[in-house]
Amino acid sequence: MSRLIVISNRVSRPSKTGNQGGLAVALSQALRESRGIWVGWSGEVTDNFTGHIGFAEDEGVKTATIDLEEQDVDEYYNGYANKTLWPLFHFRIDLAEYARDFEGGYNRVNKRFAETASPLIEPEDVIWVHDYHMIPLGQMLRDKGLKNRMGFFLHIPWPPTRLLVSLPHHSKLVSTLFAYDVVGFHTEEWLESFRHYVEREMGGKVDGDFVTVGDRTIQAVACPIGINAQEFAQAATSDAANEMSTLVRASLQNRTMIVGVDRLDYSKGLEERFNGYTRFLKDHPEHHRKVVLTQIAPPSRGEVESYQQIRATLDSLAGRLNGEYSDVDWTPIRYVNQGYPRDKLAGIYRGAKIGLVTPLRDGMNLVAKEYVAAQDPEDPGVLILSRFAGAAMQLKDALLINPYSPEEMSDAILRALAMPLDERKRRWRAMMDSVEQQDISWWRQCFTGRLMAVGREGEAAEVEEVTE
């Protein structure tokens with residue numbers, strides 16, 4: 001078996017507590033099987049970049065990390081990745097910031113990763129690069145003479161052409177994807193947007209899974225990521241999960257819990273969710289004192305101004321909602337700015353009769369799949385899901401809604417509360433079948449199977465070199 005080299009912005013070392021994310025679990029398993037290496041940023045800042053590599057091995061997973069300078073973090077991570085690409089790729093062109101320093105820092109750091117990783121890579125290794133932080137990395141590795149099989153997977157949406165063209169030097173960035181052999185997306189929608197851009201802006205040709213620009217042909221495929229469904233279902237019945245579920249139910253005093261779990265981000269539709277829940281309380285006073293929305297939203301990217309603004313907005317909305325509707329013994333919304341271990345989170349999901357997953361745009365959204373996997377098969381809850389999440393393509397038996405419409409969200413909550421047990425079971429079973437069949441292992445094999453099958457001859461791409 002060829003050795004797998006995974007390169008991403010951050011690495012995730014195996015956790016003895018078993019609280020790694022699904023992606024980290026899947027990649028760790030692949031790395032163990034292939035004796036591979038996971039390369040990424042350590043998360044630490046250094047005064048001067050030296051190229052020093054920190055090697056470690058945890059539970060059979062080898063990692064190689066580098067420290068970045070403060071300027072690197074500001075321009076590459078906080079800047080181009082999270083102030084430029086993230087909002088643009090999530091259709092929020094109004095929040096995207098374009099600055100030459102950001103783009104320069106992004107290319108500089110990608111070159112640093114290329115310089116760090118290339119000496120570690122052997123001729124037979126297979127390279128798998130992840131996400132929007134690393135788009136040009138493949139071309140930079142090719143520039144160093146690497147002819148390895150190389151794949152790239154984008155974990156966020158690919159925006160429509162009419163939005164992507166607002167990015168300065170957009171065609172130069174997209175051209176670097178043709179240094180890879182296989183490029184993956186979560187859904188057919190994101191894949192189709194990529195194909196459209198290539199045809200309209202680059203004069204490329206599409207023939208099934210094969211996309212050609214000039215003399216370079218790559219495979220562009222849709223492989224929806226999943227979760228470890230069986231493991232998560234088991235976690236939902238663990239002692240820690242049962243303890244958490246019992247604690248939550250006791251605090252609810254026989255009220256019905258609606259749960260939302262999201263990183264604090266404007267793409268997750270939290271403001272719209274709070275407004276939709278407020279509309280439900282306004283329209284249905286008969287449900288006052290009977291329901292509680294528990295919104296778990298750990299903060300993220302606190303250095304980015306737009307994230308500071310969304311936190312302030314949600315603090316205000318939650319306070320206003322509780323101020324208007326709460327009573328001395330009932331608080332309609334519990335807004336919690338902290339995360340929980342996966343086993344305890346599974347218990348929270350299992351104790352909620354409604355899962356409210358309403359992003360404005362999401363590459364996939366694994367919370368929806370985790371909520372389904374955590375349910376009691378004999379008394380499952382109802383998933384209310386944004387039709388703009390990638391997961392909506394698979395979980396068609398959820399109550400699919402437009403998260404921008406407070407009335408539609410209010411109606412869905414009312415319908416979920418009244419849904420008969422047999423309908424809840426039927427819908428849950430169909431969604432659980434999808435979650436189990438297309439799980440995290442299926443996703444990994446779907447992509448790496450394509451990559452491993454790529455021929456070895458002529459794989460080095462001739463694409464214009466990215467400069468700082």
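Is threonine 84 buried or exposed, and what is its relative accessible area? Keep that in mind as you open this predicted model, because the tour will come back to threonine 84 with its answer, a relative accessible area of 1%, which makes it buried.

**Stop 1: the two domains**

Start with the whole chain. Colour residues 4-222 as domain 1 and residues 229-437 as domain 2. The centres of domain 1 and domain 2, taken over C-alpha atoms, are separated by 31 Å.

Now turn to where the domains meet. There, 23 residues of domain 1 are in contact with 17 residues of domain 2. An interface's size is often given as the accessible area lost when the parts come together. For domain 1 and domain 2 the buried area is about 1700 Å², with 59% of it on carbon and sulfur atoms.

What joins the two sides? Across this interface there are 3 residue pairs in polar contact and 1 salt bridge. To see side chains meeting in a salt bridge, select glutamate 189 and arginine 361, with N to O at 3.8 Å. The elements giving two or more residues to the side of domain 1 that touches domain 2 are α2 (70-89) and α7 (188-202). Of that side, α2 gives the most, with 6 residues.

**Stop 2: threonine 84 in helix α2**

Stay with α2 and select threonine 84, which has its place in this helix. Threonine 84 counts as buried because its relative accessible area is 1%, under the 20% cut-off. Which residues surround it? Leaving aside neighbours within four places in sequence, threonine 84 is in contact with Gly79, Ala96, Glu97, Tyr98, Phe102 and Leu167. Show those side chains as sticks for a good view of the surroundings.

**Stop 3: strand β4 and its partners**

Next, select residues 61-69, strand β4, where 7 of the 9 residues are buried. Two partner strands are worth adding to the view.

- Strand β2 (residues 37-46) runs parallel to β4, and 7 bridges join the two. Look for threonine 46, which stands opposite glutamate 69 in β4.
- Strand β3 (residues 54-58) runs antiparallel to β4, joined to it by 5 bridges. Here phenylalanine 55 stands opposite alanine 64 of β4.

Then zoom in on the turn between β3 and β4. These strands form a hairpin with 2 residues between them, and glutamate 59 in the turn has a positive phi of about 50°.

While the strands are on screen, try following the side chains along one of them. In a regular strand they alternate between the two faces of the sheet.

**Stop 4: a charged network**

Side chains of opposite charge can pair when their charged atoms come close. By the rule used here, the count of salt bridges comes to 30.

Begin with glutamate 69, whose side chain meets that of arginine 112 in a salt bridge at 3.9 Å, N to O. This pair links distant parts of the chain: glutamate 69 is in strand β4 and arginine 112 in helix α3 (residues 100-117), 43 residues apart. Arginine 112 counts as buried because its relative accessibility is 15%, and glutamate 69 counts as buried at 16%.

Now add arginine 108 and glutamate 75, another salt bridge, with the closest N and O atoms 2.9 Å apart. Arginine 108 is in helix α3 and glutamate 75 in helix α2, so this pair too links distant parts of the chain, with their positions 33 residues apart. Both arginine 108 and glutamate 75 are buried.

For another setting, jump to helix α15 (residues 421-437), where aspartate 433 and arginine 429 lie 4 residues apart, about one turn of the helix. Their side chains meet in a salt bridge at 3.0 Å, N to O. Aspartate 433 counts as partly exposed because its relative accessibility is 29%, and arginine 429 counts as partly exposed at 35%. Back at the earlier pairs, select Glu69, Asp72, Glu75, Arg108 and Arg112 together: salt bridges that share partners join them into one network.

**Stop 5: helix α13**

Finish at residues 366-373, helix α13, where 7 of 8 residues are buried. Among the buried ones are Val367, Lys369, Glu370 and Tyr371. The buried residues of α13 pack against several elements, including α8 (229-235), β11 (256-261), α12 (342-350) and α15.

Last, select asparagine 365, which caps the N-terminal end of α13: one of its side-chain oxygens lies 3.1 Å from the backbone nitrogen of valine 367.

Methods:
Residues numbered from 1 in each chain as written. Predicted model: local features only at pLDDT ≥ 70, side-chain atom pairs only at ≥ 80, totals over all residues. Heavy atoms only, no water. Buried < 20%, exposed > 50% of the residue type's maximum accessible area, 1.4 Å probe, protein only. Pairing = 2+ DSSP bridges. Domains from an automatic or database assignment. Contact = heavy atoms within 4.5 Å. Buried area = accessible area lost by both parts, 1.4 Å probe. Salt bridge = Lys/Arg side-chain N within 4 Å of Asp/Glu carboxyl O. Polar contact = N/O pair within 3.5 Å; in protein donor to acceptor, adjacent residues only side chain to side chain.
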